[in-house]
Amino acid sequence: MTFAELGLSPKVLSAVTDAGYTTPTPIQAGAIPHAIEGKDVLGIAQTGTGKTASFVLPMLTRLERGRARARMPRTLILEPTRELAAQVEENFIKYGKNHRLNIALLIGGVSFDEQEKKLERGADVLIATPGRLLDHFERGKLLLTGVDIFVIDEADRMLDMGFIPDIERICKLIPFTRQTLFFSATMPPEITKLTQQFLQAPVRVEVAKPASTNINITQKLVKTGSKPWAKRARLRELIRGEGDQLKNAIIFCNRKSEVATLFRSLARHEFDAGALHGDMDQRARMMMLDNFRKGKLSLLVASDVAARGLDIPDVSHVINYDIPTHADDYVHRIGRTGRAGRSGKAFTLVAKGDAKYLDSIEKLIGEDVEWLDGDLSTLEAEDQGDEKPQRGKKAGGKSTSEDSRNTRTRKRKPSASSEADTPQEAKTPEVAAEEKIEKPREERKSAIKASNSKSRARNRDDDAPIGFGDNIPDFMKVPGKV
DNA sequence: AAAAAAC
């Protein structure tokens, strides 16, 4: 089977050939002919199966007839995250290089002006995250009555993120005569219901290939102490131990605050690291991802915003700094490596107390993951000696910041051994970009809370009802308060 | 328990 047999237009075909592809993936072979015919498609596939091209290519072919009118986009593609939306735009640019199409990307965190201009000019392709799309719609900058092709990508993730009501709303604004292409990695009951609602006599194309069975990925568990400094030290040791084998790595944390902390720590230890999480300013997000893709950064510390769908062909390692508490996240995370036929390694740091999460992961993927060192039984013992191997520190201090304080005050150079093992060119502009990273929301929130409660405490009782002065009736008083 | 997404 070749791309030439799928019914794509010559313009599209030549762009595909130029990109170096000749053989379609199963999802592409299954979906493209039907999509070109104008049929609805239900695609069940993980990312990394060539899913994006399976809707981009037929859409380009179909878009060759007709042109866009102002404020009336001809197609709409919904994506759950900003990065995925941007990635789809890249695909339209790459495969649409022989076309003259107006592409508009509507995502949050960036200015409205440019997006409005593109809508005004008439968009052939509109790629959006739900929030910003509805925002434009409510401002009257957009009519969806001209949409001929509607794509819902990563539907199960949209469900996880609570986007379904938004999607239902958007769906009602699009003519029912449209063609709908619907993609999801899994088919939970809610999603099945949605497909019955949105799709008409769809062609079902299923590519069952969960990332966990990807034989290109070598999975290993890594024993670690549970204290933050101990985990960071173990991580550095792990990275250095991989030496040249580690070309680049995505390091996943469970919390945005942990991403920020770990990123700063790695940067101080002269690692070539970047960070990515949802509370960062959008420009920094784009820059980090871009530099990681281009190889200017070898480590990317990320939250689960990067777990699904991100297509970076050449990631040698995925490291779960925190074990994912949802087993499917594990599958998605490690699926960022071992892509496009390459081999990849996936390490998961396991500390005392992570056993139950490990259990559900192994249950889901249907196999036991090998330990790099030791095993679950040695974990407990290991954690007893969890004292920080340095003296002269204030006991009972916050171990979280100690680790960074050391290097900040001393600014020591990396040791000879680490110099050999760690990626060089450490004087990255990304370290300077550290300042651009916003504080995680929770930190901001607690800061606000602290200052609020302080000012409130000056005035009067926190929970006292307003308007009674000191004569609060008994029944209005908060129980337990004097 | 947390992440993502709108000003």
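User: Which residue in E6 does Val41 stand opposite?

Analyst: Opposite Val41 stands Leu181 in E6. The model is a predicted one. The two strands concerned are E1 (residues 41–44) and E6 (residues 179–184), which run parallel and are joined by four bridges.

User: In what order do the seven strands of the open sheet lie?

Analyst: The order is E3-E4-E2-E5-E6-E1-E7, with parallel pairing. Strand E3 (103–106) and strand E7 (203–206) are the edge strands, each of them pairing on one side only. On average, neighbouring strands of this sheet are turned by 10° against each other, direction ignored.

User: Which strands does helix H9 touch where it packs on the sheet?

Analyst: Helix H9 (residues 189–198) touches E1, strand E5 (149–152) and E6. An angle between axes is taken between N-to-C directions and runs from 0 to 180 degrees. The direction of H9 makes about 170° with that of E6.

User: Which strands pair with E11, and over how many bridges?

Analyst: Strand E9 (residues 249–252) pairs with E11 in the parallel sense over four bridges. Strand E10 (residues 273–276) also runs parallel to E11, and four bridges join the two. Individual residues show the register: Phe252 stands opposite Ala302 in E11, and the bridge partner of Gly274 is Leu300.

User: Are the residues on the two faces of strand E11 buried or exposed?

Analyst: A residue is called buried when its relative accessible area is under 20%. In E11 (residues 299–302), both faces are covered: Leu299 and Val301 are buried on one side, and Leu300 and Ala302 are buried on the other. For the whole of chain A, 51% of the 482 residues count as buried.

User: What describes the overall make-up of chain A?

Analyst: Chain A has 19 helices and 14 strands. Its contacts can also be read by sequence separation: among those between residues at least 6 apart in sequence, 76% join residues at least 24 apart.

User: How should one read a positive phi, and where is Arg71 found?

Analyst: The general expectation is a negative phi for most residues other than glycine. Arg71 is not a glycine, yet has a positive phi of about 60°. Arg71 is found in the loop between helix H3 (51–63) and strand E2 (75–78). Because its relative accessibility is 31%, Arg71 counts as partly exposed.

User: What is the phi of Ala201, and is this residue buried or exposed?

Analyst: Ala201 likewise is not a glycine and has a positive phi, of about 40°. Ala201 has its place in the loop between H9 and E7. With a relative accessible area of 71%, Ala201 is exposed.

User: Which residues come nearest to DNA strand B?

Analyst: There are 21 residues around DNA strand B, and of these Arg132, Lys256, Gly278, Thr325 and His326 come nearest. The residues of this surface divide into five nonpolar, 10 polar and six charged. Helix H6 (residues 130–138) gives the most to the surface, with three residues.

User: Which parts of DNA strand B lie within 4 Å of the protein?

Analyst: Of the atoms of DNA strand B within 4 Å of the protein, 76% belong to sugar or phosphate, and the rest belong to bases. Among the contacts to phosphate, a polar backbone atom of Gly108 is 3.0 Å from a phosphate oxygen, and an N or O atom in the side chain of Ser303 is 2.9 Å from a phosphate oxygen. A base takes part as well: a polar side-chain atom of Thr325 lies 3.1 Å from a base nitrogen of DNA strand B.

Terms used:
Residues are numbered from 1 along each chain as its sequence is written. Chains are lettered from A and ligands numbered from 1 in the order in which they are written. This is a predicted model: local features need pLDDT of at least 70, side-chain atom pairs count only at pLDDT 80 or more; totals for chains, interfaces and linings use all residues. Side-chain values use heavy atoms; hydrogens and water are left out. A residue is near a molecule or strand if one of its heavy atoms lies within 4 Å of it. A polar contact is a pair of N or O atoms within 3.5 Å; within protein, one must be able to donate a hydrogen and the other to accept it, and residues adjacent in sequence count only if both atoms are side-chain atoms. Ala, Val, Leu, Ile, Met, Phe, Trp, Tyr, Cys and Pro count as nonpolar, Asp, Glu, Lys and Arg as charged, and the others, Gly among them, as polar. Two strands pair if DSSP finds at least two bridges between them. Contact means heavy atoms within 4.5 Å. Buried means under 20% relative accessible area, exposed over 50%, partly exposed in between (1.4 Å probe, protein chains only).
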